[in-house]
Amino acid sequence: MTGQYSRSSYVSLRGEISNKKAKNFRLVFKYYGSQWLFAKDLQVNVDGKNYNLNGLRFSRDHTDKVWEVASIPLKGKGLQIAKAISQGEDVEVRFKGKQYYHDVRVNNGMKKDISAMLKSIEYF
């Protein structure tokens, strides 16, 4: 990934389009920073409304920085949250560990990218 998604915390959509079908799309949350969070839960706040995602499986690794990544299927609650993020004015994601947390403000570029992906998926 490049641009705002390289070496930073972000929210995005991932999946594939092949044979005129959208497949395996997921809403992805990535923490990137200098400290381990050992996150297991997320709280997505969209214009004052909270969406809680608890007991997620995070993958973790590090080099000079730490990254912790979780994703949920883009259906049901995942689709609801993705649409809310793309349409929200003030969106923040809290990565929550047992002792530590980190807040990520979802910028307009991320919102526009999610919105564009949601629109492209509708065609398939």
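Me: Quick one on terms first: helices are DSSP runs (H or I) of at least four residues, numbered from the N terminus. With that in hand, in which segment is tyrosine 123 found?
Reply: Bear in mind this is a predicted model. Helix H2 covers 108-122. Tyrosine 123 is found in the segment after helix H2.

Me: Is tyrosine 123 buried or exposed?
Reply: Exposed means over 50% relative accessible area. Tyrosine 123 has a relative accessible area of 72%, so the residue is exposed.

Me: Which residues form a nonpolar patch on the surface with Tyr123?
Reply: The patch has about 370 Å² of accessible area, taken together. Tyr123's partners there are Ile17 and Phe124.

Me: Back to H2: why are its buried residues on the same side?
Reply: The buried set is Met110, Lys111, Ile114, Leu118 and Ile121. In an α-helix there are 3.6 residues a turn, so residues three or four places apart point the same way. Here the buried residues of H2 sit on the same side because they cover an arc of only 100° around the axis.

Me: And which exposed residues does the face turned away from the buried side of H2 carry?
Reply: That face is turned away from Met110, Lys111, Ile114, Leu118 and Ile121, the buried residues of H2. Its exposed residues are Asn108, Lys112 and Lys119.

Me: Over to the strands. Which residue takes a positive phi in the hairpin of S3 and S4?
Reply: S3 and S4 (residues 49-53) pair in the antiparallel sense over five bridges, with valine 46 opposite lysine 49. There are two residues between the strands, and the one with a positive phi, near 50°, is aspartate 47.

Note on methods
Residues are numbered from 1 along each chain as its sequence is written. This is a predicted model: local features need pLDDT of at least 70, side-chain atom pairs count only at pLDDT 80 or more; totals for chains, interfaces and linings use all residues. Side-chain values use heavy atoms; hydrogens and water are left out. Patches are made of residues with over 30% relative accessible area and no salt bridge: like charges are joined within 9 Å, nonpolar side chains (Val, Leu, Ile, Met, Phe, Trp, Tyr) within 5 Å. Accessible areas come from the Shrake-Rupley method with a 1.4 Å probe; for residues, only the protein chains shown count as cover. A salt bridge is a side-chain nitrogen of Lys or Arg within 4 Å of a carboxyl oxygen of Asp or Glu. Buried means under 20% relative accessible area, exposed over 50%, partly exposed in between (1.4 Å probe, protein chains only). Two strands pair if DSSP finds at least two bridges between them. The arc is that of the directions from the helix axis to the C-beta atoms.
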